[in-house]
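Me: I'd like to walk through this fold with you, one question at a time. Could you take me from the sheet outwards to the helices?

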Amino acid sequence: MPATSVDSSGRDEVVPAAQAEAERSRQRPVSLLQRLQKRYPVVSIVRAAKVSRWLSGRRGQSAPEGRPVKTYEYDDRYFRKQHCAVSQTAIKLVVLHSTEGPTAEGGAITLSGSSDVSAHLCVGEGVTYRIVPEWLGSCTVQEPNDWTLNIEQVGFAAWSRKKWLRHLNTIKRAAFWTAWWCKKHKLPRRFRNTKALDAGKIRGYTTHAQLSLSKWSSSTHTDPGPNYPLFGKVSFRALLLYYRGRIAAGLKPRQAA
Ligand SMILES: [Zn+2]
């Protein structure tokens, strides 16, 4: 991954000149590519153009609520206000969800105010709300509540992959926190599907859908849906690896000013 910087809008940008030029010239990609190919190796240009388009977040919908905070920043206005939590025994698994609602603030209000539902985080395009503290289990996945950390992403299980990728800033936030928690709690950065979970491989990360189908949970939820972009060149997994590197280099969560 090329050198990166974080701009004031909170988006992580890949900055090499060729990528910046590719960004500016999206109206005439063919001629630009031809010109760049004369000057640089083909592979690097194609790769740079692909990476910059999604890592800069410009394919994402830029509709944050209020002032957007950086990917690694959190907003604590709903922190520890939950009405449902359980005492936690040990953290073994990070679980990805979709809120099935349109806004992060609406999600945070429900997850902090409901008597039977909560989560550790609610992430949207421009904000990360912390709700349940890590030392408690949230009311999100039934029986595994006391050994999981749960991230609610603003979105819908019915979304297509394309639709999810238009909300890449939301996925980035989920990937950053999963990478952070995997490091902090010494969890492998491994996706655990139902088969792995049933075989006892429960340390890592999964989705609510996979956990529901496993022997561990009586939940019937299917979020974040079959088209959630877990894997691929532009995916949760790719972002998780990216943030693993950034975190190893010193990036950490911080409360938004
Ligand atoms: Zn869920």
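Me: Which residue of E9 does Ser98 stand opposite?

Reply: Happy to start there, with the reminder that this is a predicted model. Strands E5 and E9 run parallel and are joined by 6 bridges. Across this pairing, the residue in E9 opposite Ser98 is Gln153.

Me: And on the E10 side, what is the bridge partner of Leu96?

Reply: E5 also pairs with E10 (residues 204-207), in the parallel sense and over 4 bridges. Within E10, Leu96 has as its bridge partner Thr207.

Me: How many residues of E5 are buried?

Reply: Take the two faces in turn. One side carries Leu93, Val95 and His97, the other Val94, Leu96 and Ser98, and all of these are buried. The strand is therefore largely enclosed by the rest of the structure, and the count of buried residues is 6 of the 6.

Me: What is the order of the strands in the open sheet?

Reply: Pairing in this sheet is mixed. The parallel kind appears between E5 and E9, while E6 and E7 run antiparallel, joined by 3 bridges. In that antiparallel pair, Leu121 stands opposite Arg130. Put together, the 5 strands have the order E7-E6-E9-E5-E10.

Me: Which strands stand at the edges of that sheet?

Reply: The order of the sheet is E7-E6-E9-E5-E10. An edge strand here has a single partner strand, so one side of it is left without a neighbour in the sheet. The two that fit are E7 (128-130) and E10.

Me: What angle does the direction of H6 make with that of E9?

Reply: Two helices are worth a look against these strands. H4 lies across E6, E7 and E9, running at about 165° to E6. H6 packs on the sheet too, touching E5, E6, E7, E9 and E10, and the angle between its direction and that of E9 is about 170°.

Me: Which element gives the most residues to the largest nonpolar core?

Reply: That core has 45 residues, and Cys122, Ile131 and Ala175 have the most contacts inside it. At least two residues each come from E5, H4 (104-113), E6, E9, H6 (168-184) and H9 (236-248). The top contributor, with 9 residues, is H6.

Me: Which residues of H4 does Ile131 touch?

Reply: Ile131 is one of the residues with the most contacts inside the core. Its partners include Tyr78, Phe79, Leu121 and Cys122. H4 covers residues 104-113, and the partners in that range are Ala108, Leu111 and Ser112.

Me: Is Ala179 buried or exposed?

Reply: Ala179 sits in helix H6. It has 24 other C-beta atoms within 10 Å, and the cut-off for that class is 20 or more. That makes Ala179 buried.

Me: How far apart are the C-alpha atoms of Ala179 and Leu240?

Reply: Ala179 touches Leu240, along with Arg189, Tyr243, Arg244 and Ile247. Leu240 is among the buried residues of H9, as are Phe236, Ala238, Leu239, Tyr242 and Tyr243, and H6 is part of what covers them. Although Ala179 and Leu240 are 61 residues apart along the chain, their C-alpha atoms are separated by 5.7 Å.

Me: What span should the 13 residues of H9 have?

Reply: The expected span is 1.5 Å times one less than the number of residues. The end C-alpha atoms of H9 are 18 Å apart, which agrees with the expected span of 18 Å.

Conventions: Residues numbered from 1 in each chain as written. Predicted model: local features only at pLDDT ≥ 70, side-chain atom pairs only at ≥ 80, totals over all residues. Core = buried A, V, L, I, M, F, W, Y, C linked by C-beta atoms within 7 Å. Buried ≥ 20, exposed ≤ 12 C-beta atoms within 10 Å, placed from the backbone. Contact = placed C-beta atoms within 7 Å. Pairing = 2+ DSSP bridges. Axes fitted to C-alpha atoms, helices over the stretch in contact; angles between N-to-C directions. Lists of a residue's contacts leave out its neighbours within four places in sequence.
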